[in-house]
Each structure stands twice: as C-alpha cells, then as structure tokens.
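Open your viewer and get the selection tool ready. We will go from stop to stop, picking a few residues at a time.

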Amino acid sequence: MKHSVCIVGGCGHIGLPLGIALSTAGARVTLLDNTESRVRSVAEGRMPFLERGADESLTEVLADGRLTVTMDPDAVGRSDTVVVTIGTPVDEFLSPEVRTFDRAMESILGRMHDGQLLILRSTVFPGVTSRLDKRTRERGLRIDVAHCPERIAQGYALEETGSLPQIIGGVTPSAARRASALFALLGAKQIEIPPVEAELCKLFCNSYRYINFAIANQFYVIAEKFGADFDRVRKAMTTDYPRMAGFPGAGFAGGPCLLKDTMQLAAFNHNDFVLGQAAMMINEGLPTFLVESAKASYDLSTATVAILGMAFKGNSDDPRDSLAYKLRKVLTFESRKVLCTDPYIEDPSFVSLETALEEADVLFLGACHDEYRGLTPRQPTIDVFNFLKRTSTEGAEPRTANAA
Ligand SMILES: NC(=O)c1ccc[n+]([C@@H]2O[C@H](COP(=O)([O-])OP(=O)(O)OC[C@H]3O[C@@H](n4cnc5c(N)ncnc54)[C@H](O)[C@@H]3O)[C@@H](O)[C@H]2O)c1
C-alpha cells in the first residue's frame, strides 16, 4: 500500500529528516510548516539547517514529487496519516509550555476526518497521547492515535533513522498496527508498548543522559577544586575497565532536548525528581564555575576573552539552549570584552576564528567543532571538554560531545 503522510512541523529538525526518509522509502509526504523562511528554503531544495546527507536526498525527493511542502493547514485532511513534530518546549519556569501545543492540536484535529491515523512524534508530557485520543472521541472523530517518539541525535537523523529501534505506542491495536506499517518502511526493529510508556521511554532516555553528563560535570568540578586532572582520572577509570564503559567526559549539556525533557519529567512527577533537578543545577552551573575558576588565575576584568564555538554541540549549526550563550552572558559581566566565533552559525556580531585567536587574551571552548581539532592556541584556554589537548595529542576523537 502507498502511504500518504502529512508531517506537521515538517520543516523542523525532526520533521524534515523524517519526511525525507519516508519519501525516499516510497511514501508520498507533505511537509506542513508555519515558518515561511523554512518552507521557502525547503521548496527551493535548500536544507534550512545542517543535517548530514540530507541535501542530495532532499533534491531527489522534491524532483520526483514524492515530497511536497506547504503552509496550507488544510493539508492535514488530505493524507492517510498525520505525523506531528512541532516543538514542545518548557516555559521560563521550566514547566511544559502546553498551550501552544494544545492550540496546534486543536487546529489539526479540526481538519482531520474519520479513518485517519494521527502519530505524535514530538516529545510529549506523559498522558498527552491518551488525552488527545479522548478529545478526538469527544469531537465525534473516529481516528487512530499513536505516540512514536523520535530518538535520533540531531544532525545524524538520516544515518540513524533506519537503525534505531522504533518505539510504537498505539492507543488501540489498530493504531499500533498502522503506525508499525508506516515505520516498517524505514526498516528498523520495532518495540510495541502502551502510549504512556512510550512517552516515558523518551523522557527517561533524555533524563538519563542528562543526569549522566551531570555526574561527569560534578566530578570535573570536584577534580578541579582539588587540582586534579579530570580527564586523566577519567582515562584511568575507563581504560580496559568495562564497568565504566560509556562514562562521558565533562562538557556543556545544552541543546533543545535534554534539559527540557528532564524538566518535563520533573513536572510530571509533581516536581519530585531530585536527581533531575540536581543535574540541572550542575549542568547549568558549569559556565559560571568555569568563569569563577578562570578568575582565580587571570584578571578577566582587563582581558579580552573569546568563545570558540557557540552551537549547542560540535559540528552543529544549532544555537538553541546552547550553554556557550550562558557562558557569554557571564563573561560579558566579568571581562573587558567578549568575542564569539562559530563556523556554522551566521551572526553579524561574531568574529572569525583568526580574529578571535589574534585578539583574545583568554580563550574558552564552547563547542567541539572539527575546525578546532588539534588547535594549540598561544593564550590560556579553558577547555572543559579537554577537546583541544586530546585532539592535538591523539588525533581522532569520536563524536561524544555532551548534547542531544
Ligand atoms: N531536535 C532534536 O534533536 C530532537 C530529538 C528527538 C525529539 N525531538 C522532539 O521533536 C519535537 C520537535 O523538535 P525540533 O527540534 O524538530 O523543533 P524545530 O523547532 O526544529 O521544529 C518544529 C517545526 O514545527 C513548526 N511548527 C510549529 N508550530 C507549527 C504549527 N502549528 N503548524 C505547522 N508547523 C509548526 C516550526 O516552524 C518548526 O519548523 C520536539 O518535541 C522535540 O522535543 C527533538
């Protein structure tokens, strides 16, 4: 059977790679998005953000008409399946920002008709899928509803989509069967669980990773306070010692997912999530710790400092919730002048790497971009990731930056 799919939020970091993957696998896909610049860019065959391998595939699927893009909200009524991939942020109080999502869902449900399948792929608060199913029935709408969370690492979606097991959380057996048939196109193993468990599965994954990064960051802070080299300790801990396999390095745990999903889980558990909340304090406190430590050795108040890398993780062009920006805020207060540079982010206030290296008295590494591999700056450099030293002494460095 030929699948026809409308992806709401289809020009986003999750919707667009999924749309490309599904259309490459044979589905007819319409990307529906309300950000005009992104829709225009996709329609012209240009990826609005960095996603490995996506540029060529996008051109191909657009050319043969398997993928189309629109801003017309009525598109949701013209496909068998509607997949929702819009953002589900937390607000300034770190509570789930449900109103925008609810409004979007109202608009979507108002345009759906009996017999369609609705898949929530956005990361949602536990219970949202069942609540949505109830809302559809109250409206007299007979559709199947499922939650199938996305678990790819941003920027590597096309590599991972076909290999990561797909969690299928159908409200009914029919919803599960239909969602499973759609994702079977991508060829990955599937795991069926109830929707609330699918919702928890995603939040547990991200909270677990966030807490693990916080453990490494807390150990880093302890090691620094006692004048020990955290990375040397870490190497000693993990070398040929399988029980420590996977222990991450220290670094910024930023990005649009890990913190907000940990906070969603905290909110779901009535703010009783001590581990998650402690992880937030540790990870979010790291930029300030780095600046305070640097102040003990250098007079930042008279110094020009530069941050190399502003994206939330290495080789990414995404500045969302990047702790490099928090670092900039603290440094702006503490130093004479702050320069920022990033090869992937266009920002007229940024300077080139050359200028940063030329003008700065002190450097901070903000993101482990390949462009900085093996760099041996002349000035003191605060590198919580130990990326520069590692890549100048060991060369190859796998992709392990602390981020989603
Ligand atoms: N980015 C990741 O690495 C990642 C990984 C797994 C899961 N997720 C989850 O996926 C969801 C989307 O995240 P993202 O990073 O792709 O966000 P994003 O902001 O990149 O994409 C969301 C897209 O939805 C569009 N949009 C918003 N409201 C809309 C509406 N009412 N109608 C049509 N389009 C609308 C926006 O214009 C945007 O293009 C979130 O729930 C996130 O937690 C993200």
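A term to begin with: helix axes here are lines fitted to C-alpha atoms over the stretch in contact, and angles run from 0 to 180 degrees between N-to-C directions. Helices (H or I, at least four residues) and strands (E, at least two) are DSSP runs, numbered from the N terminus. What you have open is a predicted model, in which local features need pLDDT of at least 70 and side-chain atom pairs count only at pLDDT 80 or more, while totals for chains, interfaces and linings use all residues. Residues are numbered from 1 along each chain as its sequence is written, and side-chain values use heavy atoms, with hydrogens and water left out.

**Stop 1: H1 and H3**

Select residues 15-24, which form helix H1, together with residues 54-63, which form helix H3. At what angle do H1 and H3 pack? The angle is about 55°, and the axes are 10 Å apart. The pair is therefore oblique; angles under 35 degrees count as roughly parallel, over 145 as roughly antiparallel, 65 to 115 as roughly perpendicular and the rest as oblique. H1 and H3 cross in a left-handed way, meaning that the near helix is turned anticlockwise from the far one by less than a right angle (clockwise would be right-handed).

Now show side chains. H1 brings Leu 16, Ile 20, Ser 23 and Thr 24 to the contact, and H3 brings Ala 54, Ser 57, Leu 58 and Val 61; contact means heavy atoms within 4.5 Å. Colour the H1-H3 contact by class and you get five nonpolar residues, three polar and no charged. Here Ala, Val, Leu, Ile, Met, Phe, Trp, Tyr, Cys and Pro count as nonpolar, Asp, Glu, Lys and Arg as charged, and the others, Gly among them, as polar.

**Stop 2: Leu 158**

Next, pick Leu 158, in helix H6 (residues 157-160). Setting aside neighbours within four places in sequence, Leu 158 is in contact with residues including Pro 17, Ile 20, Ala 21, Ala 54 and Ser 57. Is Leu 158 buried or exposed? Leu 158 is partly exposed, because its relative accessible area is 25%; buried means under 20%, exposed over 50%, and partly exposed in between (1.4 Å probe, protein chains only). For a distance check, draw a line from Leu 158 to Pro 319: their C-alpha atoms are 21 Å apart, with these positions 161 residues apart along the chain.

**Stop 3: the nonpolar cores**

A nonpolar core is a set of buried Ala, Val, Leu, Ile, Met, Phe, Trp, Tyr and Cys residues joined through side-chain atoms within 4.5 Å. Which residues touch the most other members of the largest core? Select Tyr 220, Leu 290 and Phe 364, out of 44 residues in that core. Elements that each supply at least two residues of this core include helix H8 (195-225), helix H11 (274-297), strand S9 (304-308) and helix H14 (387-394). A second core lies apart from this one, with 32 residues, among them Leu 18, Ala 176, Ala 179 and Phe 183.

Stay with Leu 290 for a moment: beyond its neighbours within four places in sequence, Leu 290 contacts Tyr 220, Phe 252, Phe 364, Ile 382 and Val 384.

**Stop 4: the partners of H11**

Add H10 (residues 258-268), which packs against H11 at about 150° with the axes 9 Å apart. H10 and H11 are therefore roughly antiparallel, and their crossing is left-handed. Look for Leu 259, Thr 262, Met 263 and Ala 266 on H10, facing Gly 276, Gln 277, Met 280 and Glu 284 on H11.

Then swap H10 for H12. H11 and H12 pack at about 35°, again with axes 9 Å apart, and H11 passes H12 in a right-handed crossing. By class, the H11-H12 contact holds six nonpolar, two polar and five charged residues.

**Stop 5: the loop between S9 and H12**

Two residues to label here:

- Asn 315 sits in this loop, has a positive phi of about 60° without being a glycine, and counts as buried because its relative accessibility is 12%.
- Asp 321 is in the loop between S9 and H12, has a positive phi of about 50° although not a glycine, and counts as exposed at 52% relative accessibility.

**Last stop: Lys 337**

Finish on strand S10, where you will find Lys 337. Lys 337 is partly exposed, at 38% relative accessible area. Apart from residues up to four places away in sequence, Lys 337 touches Ala 303, Thr 304, Val 305 and Glu 359.
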